[in-house]
Amino acid sequence: MSEFETLLYERPADHVARIVLNRPDTRNAQDTKLLYELNAAFDKAAQDDEVKVIMLAGNGPHFSSGHDLREAGSYDNMDEFDTVGTWCGWHCAGAEAQMAREREIYIGFSERWRNIPKPTIAVVHGKVIAGGLMLIWPCDIIIAADDAMFLDNTVAMGVGGVEYFAHPWELGHRKAKEMLFTADWLTAEQVEKLGMINHIVPKDELDGFALGMAEKIAQKPMFALKLAKEAVNAAQDCSGRNNAMQTAFALHHVAHSHNMQVHGMLVDPTGLSPAVAGKAKK
Ligand code: ZN
């Protein structure tokens with residue numbers, strides 16, 4: 001039996017691990033359990049000296065529909081998990097517990113995965129919505145099927161962007177603003193031009209193409225791969241990436257607190273369809 005309920009952990013080739021999101025009935029919506037299992041799977045691959053390259057893919061018609069809104073309003077479940085950070089305070093009053101939770105499982109996990117010192121490849125198809133971006137942006141390389149579509153609609157929900165605010169680095173500042181302000185879909189072709197993804201591949205060739213690249217990378221010396229990754233990440237961080245993202249995360253929590261005071265929920269329902277607003281309120 002698999003050690004994970006929401007994921008598959010595979011070894012499709014020598015020195016390659018592949019983690020597959022496996023909640024296709026929910027379009028791989030991310031509940032807390034899935035995020036903790038994903039973190040454990042990344043740790044397993046990171047700690048296995050036989051693994052040199054880590055792939056992340058999704059089963060079903062879409063890569064990820066984002067955070068599982070069915071869990072919203074019942075966020076008092078952190079005690080069910082072996083939490084990994086030191087911020088804690090899961091049951092505190094006011095803004096404190098929500099900020100603690102998001103610091104651990106959203107920006108915390110995404111930044112942690114971004115810093116795994118092994119090459120990571122996101123293999124995406126179908127829709128990648130909001131929280132879905134926080135799974136692919138931390139990866140080093142993104143390979144997309146020609147049907148892939150990307151969306152951050154959080155401004156429509158009264159919040160200024162997803163918790164891992166990498167938009168300016170992924171898209172450039174102008175397109176980042178357009179994506180956030182309009183909440184329009186971006187196609188694989190559009191984001192390839194912006195440098196957000198490495199390659200677009202016909203859907204039926206996606207897995208083979210991505211695995212081929214993973215195998216090519218896995219032939220290189222591990223230490224040199226680690227050093228190359230660290231060097232590129234350092235270049236990005238020299239531009240103030242981490243500080244800017246921490247600022248965006250604080251602003252994100254101003255929005256959650258504002259929405260709780262004004263609307264009694266973490267998001268502003270006025271920009272949402274009635275069906276989604278109902279789910280978010282639960
Ligand atoms: Zn949030």
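The largest cavity holds about 40 Å³ of space. The model here is a predicted one, and the search turned up two cavities of 30 Å³ or more.

Who sits around the largest cavity? The lining is made up of Gln 30, Leu 35, His 67, Ile 105, Tyr 106, Ser 110, Trp 113, Gly 131, Met 134 and Leu 135. Sorted by class, that lining comes out as six nonpolar residues and four polar ones, with no charged residue in the mix. Among the nonpolar members are Leu 35, Ile 105, Tyr 106 and Trp 113, while Gln 30, His 67, Ser 110 and Gly 131 fall on the polar side.

As for secondary structure, two helices each put at least two residues into the lining of the largest cavity: H2, spanning 96–114, and H3, spanning 133–136. Helix H2 is the top contributor, giving four residues. Ile 105, Tyr 106, Ser 110 and Trp 113 are the lining residues that lie within the H2 range, and Met 134 and Leu 135 lie within that of H3.

Now to the second largest cavity, which has about 30 Å³ of space. Its lining consists of Lys 175, Glu 178, Met 179, Thr 182, Asp 184 and Leu 186. Helix H5, residues 173–182, gives the most here, with four residues; Lys 175, Glu 178, Met 179 and Thr 182 fall inside that stretch. By class, the lining of the second largest cavity has three charged residues, two nonpolar and one polar. The charged ones are Lys 175, Glu 178 and Asp 184, the nonpolar pair is Met 179 and Leu 186, and Thr 182 is the polar residue.

Technical notes. Residues are numbered from 1 along each chain as its sequence is written. This is a predicted model: local features need pLDDT of at least 70, side-chain atom pairs count only at pLDDT 80 or more; totals for chains, interfaces and linings use all residues. Side-chain values use heavy atoms; hydrogens and water are left out. On a 1 Å grid over the protein atoms alone, a cavity is a set of points where a 1.4 Å probe fits but cannot get out, and a pocket is an open set with protein on both sides within 12 Å along at least five of seven lines; lining residues have an atom within 4 Å of a point. Grid points are joined across faces, edges and corners, and a volume is the space filled by probe spheres set on the points.
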